[in-house]
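Work through the exercises below with the coordinates open. Try each task before reading its solution.

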Amino acid sequence: MSASASRVRLTMAQAVVRFLSQQRTARDGREQAFFGGVFGIFGHGNVAGIGEALHAQRPDGHAQAAPYESRTDGPARAVPSEPALRYYLARNEQAMVHTAAAYAKMHNRLRTLACTSSIGPGATNMLTGAAGATINRVPVLLLPGDIFASRRPAPVLQQLESSQSQDVSVNDCFKPVSRYWDRINRPEQIITALPEAMRVLTSPAETGAVTLALPQDVQVEAYDYPTALFGPRVWTIARPRADRDRLQEAAQLIRASWRPLVVAGGGVIYSEATDALRRFVDATGIAVVETQAGKGALPDPHPLSLGGIGATGTRAANLLARDADLVLVVGSRLSDFTTASKTAFQHEAVRFIGINVAELDAFKHAALPLVGDARAVLDELLPLVAGHHVSAEYTEAVDASQSAWRAEVDRIYDSPQSALIKQAQIIGALQETLAPTDVIVCAAGSLPGDLHKLWRARDPKSYHMEYGYSCMAYEIAGCLGVKMAAPDRNVYVLVGDGSYLMMAQEIVTAVQEGIKITIVLLDNNGFASIGGLSESVGSGGFGTHYRQRNPATGELDGDLLPIDLAANAGSLGARVWRTYTLASFREALAAANADARTAVIVVPVDRDARVSGYESWWDVPVAEVSTSEEVQRARAAYEAARRKERHFL
Ligand SMILES: Cc1ncc(C[n+]2csc(CCOP(=O)(O)OP(=O)(O)O)c2C)c(N)n1
Ligand SMILES: [Mg+2]
């Protein structure tokens, strides 16, 4: 009898776990297990299903015993041993999705983690993480529990009811934030759902959150699954090549250009195209600017690297962008931060070449689209521009603006200390201390802008910025995922007090797992970033300070909140340092580096000492009518700035 007729009786959840443990990815001949484990928090919606299945597949569990094996084509025999999926207990479901996304990003999307939750609030807690993963185009597999498919005891605890349909649950909310969404109402549906989930997760163009909603009764239902479903499966991550005629056209555009520019995005790093990019620009002399996700694409130092572009870009990058007549966009979504809200490129006849594995991105800004893998496209474009080099005048201008920018960064790092430490000085101290392969992690607040401008990324995986969703709460959870993906690197998270207070509890998970991360917590009593933004739109920082309600004014302008962030971090199990000077910060950093435990260094920083913007703008609308003169002034400035916004058609 053929092997395909062989069947094995498993619950749907056992089958899911067994399938996941067998999935592998391969690129350029390197192969790895796709799932590095399963994060989860159990409740009635998954404890008896996925929970039982994860428990059973431990080496000492009963998954390897005969009872589950029932072959329709012969006598029962024991299931051969299979690699176990390690289970990790998180504190919050949102956090575990951030951890999975960071893990996937650090692995250049070749690996990820799965996340299991109960029904209702456990499930919806994952929504923010799902949106973040999908926006950042990193794979995460979400397995929220769902209400009974049989509907027998409905409404169950935590069930959302509708008077219009019984085919509704809170998990429908995952549809717009998932690249693939399915609800498994019969156990055999996973036979077609799981391969689809894997196809999307491993597609560089389509990847993001994949959600399989698993009704709690179906999770525990048994079915005779074909054993072929559980064989090892390798998903090859292809390197699609661009259309040949369009490559020729691109080469012509490059040869005809006087002031070209490469915008390097996250796609360069995901595709491991950093060497290809260096070869391409070394040959042509074209300068490179980097998006937040692309920072490190051309590691520092390099004579053609001008640093971050856009709203948080360097002066060097933004001036070159302003005058560029040709922009090669490699692996970027061209978000408003990158394009300075479509004001970054002012050359009257500027053209774009869009190198991207996703058509959606390759066609943006009416670009000549080179739809394909960044490395493959750059490698094929290089011989087509052989012998071409930018002018000596261009090279001189790039040299001069690079040196001027380096001097500006040194000036900011070396600025004298005032009563409080400046955030930029902490960044400078870290820059000086960290090894090139050490990783910094960040996501929201004023830090991303400062880091994008100042940080010199000396390795493509050393700058881990979540700036697609810029989600406060990503920082510590994400840092955990980075360290899990790269245990040999030192990993540091820079986090503001606002983000820290939104989600600090994954320190406990780090301690639980013995995972060493170092958290640099910059305390400026609230939201320096949004406070500054509020001032710029005429609202004076309203509602952005951490202060007590003042009985005299009725406003939040009383005493500072008596928060002891260091005590808070210490109570979660971390080693903690409080530092008030740059010297003591450096000492704490050395001590934290020497300690194997998760470390938190708390630094009060000057809220008002900001790194300025350089030749850039960000479109945040200002009230069109207001009695406030400050708002009226801000509106006038806004209208003037907006005139520079362009459509590229
Ligand atoms: C989940 C979430 N809520 C709100 C925002 C909007 N937001 C961006 S930065 C910020 C303040 C961050 O404060 P903190 O972490 O202390 O950093 P700081 O601005 O002080 O540097 C807020 C509220 C966000 N990015 N994410
Ligand atoms: Mg703050």
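**Exercise 1.** Which residues does Leu277 touch, not counting residues up to four places away in sequence?

*Solution.* Note that this is a predicted model. Start at Leu277 and collect heavy atoms within 4.5 Å. The search returns Val262, Ala264, Val268, Val288, Ala297, Leu298 and Leu378. Now widen the view. The largest nonpolar core has 94 residues, and Leu277, Phe345, Ile426 and Leu451 touch the most other members. Helix H15, residues 392–413, contributes the most to this core, with six residues. A separate second core has 57 residues, including Val439 and Leu565.

**Exercise 2.** Find the order of the strands in the open sheet that contains S4, and explain what is left without a neighbour at its edges.

*Solution.* Trace the six strands: they run S5-S4-S6-S7-S9-S8, with parallel pairing. Next, take the ends. S5 (87–89) and S8 (180–183) each have a single partner strand, so one side of each lacks a neighbour in the sheet. Then check the twist: neighbouring strands are turned by 20° against each other on average, direction ignored. Zoom in on one pair. Three bridges join S4 (residues 35–40) to S5, and Phe39 stands opposite Tyr88 in S5. Last, add a helix. H6 (residues 190–201) packs on the sheet and touches S4, S7, S8 and S9; its direction makes about 160° with that of S9.

**Exercise 3.** Repeat the analysis for the open sheet that contains S18.

*Solution.* The order here is S19-S18-S20-S21-S23-S22, six strands with parallel pairing. The edges are S19 (463–465) and S22 (575–578), each pairing on one side only. The twist averages 20° from one strand to the next. For a single pair, take S18 (residues 439–442) and S20 (residues 491–496): they share three bridges in the parallel sense. Val439 has Val491 as its bridge partner in S20. Val439 also belongs to the second core of Exercise 1. Two helices complete the picture. H17 (residues 447–454) lies across S18, S19, S20 and S21, at about 150° to S19. H23 (residues 582–594) touches S20, S21, S22 and S23, and its direction makes about 170° with that of S23.

**Exercise 4.** Which residues come nearest to ligand 1, and which backbone atoms lie 2.9 Å from its atoms?

*Solution.* Of the 15 residues around the ligand, Ser446, Asp497, Gly498, Gly526 and Ser529 come nearest. Then list backbone pairs. A backbone N or O atom of Ser470 lies 2.9 Å from a ligand nitrogen. For Ser499, a backbone N or O atom lies 2.9 Å from a ligand oxygen. A polar backbone atom of Gly526 is 2.8 Å from an oxygen atom of ligand 1.

Terms used
Residues are numbered from 1 along each chain as its sequence is written. Chains are lettered from A and ligands numbered from 1 in the order in which they are written. This is a predicted model: local features need pLDDT of at least 70, side-chain atom pairs count only at pLDDT 80 or more; totals for chains, interfaces and linings use all residues. Side-chain values use heavy atoms; hydrogens and water are left out. A nonpolar core is a set of buried Ala, Val, Leu, Ile, Met, Phe, Trp, Tyr and Cys residues joined through side-chain atoms within 4.5 Å. Buried means under 20% relative accessible area, exposed over 50%, partly exposed in between (1.4 Å probe, protein chains only). Helices (H or I, at least four residues) and strands (E, at least two) are DSSP runs, numbered from the N terminus. Two strands pair if DSSP finds at least two bridges between them. Axes are lines fitted to C-alpha atoms, for helices over the stretch in contact, and angles run from 0 to 180 degrees between N-to-C directions. A residue is near a molecule or strand if one of its heavy atoms lies within 4 Å of it. A polar contact is a pair of N or O atoms within 3.5 Å; within protein, one must be able to donate a hydrogen and the other to accept it, and residues adjacent in sequence count only if both atoms are side-chain atoms.
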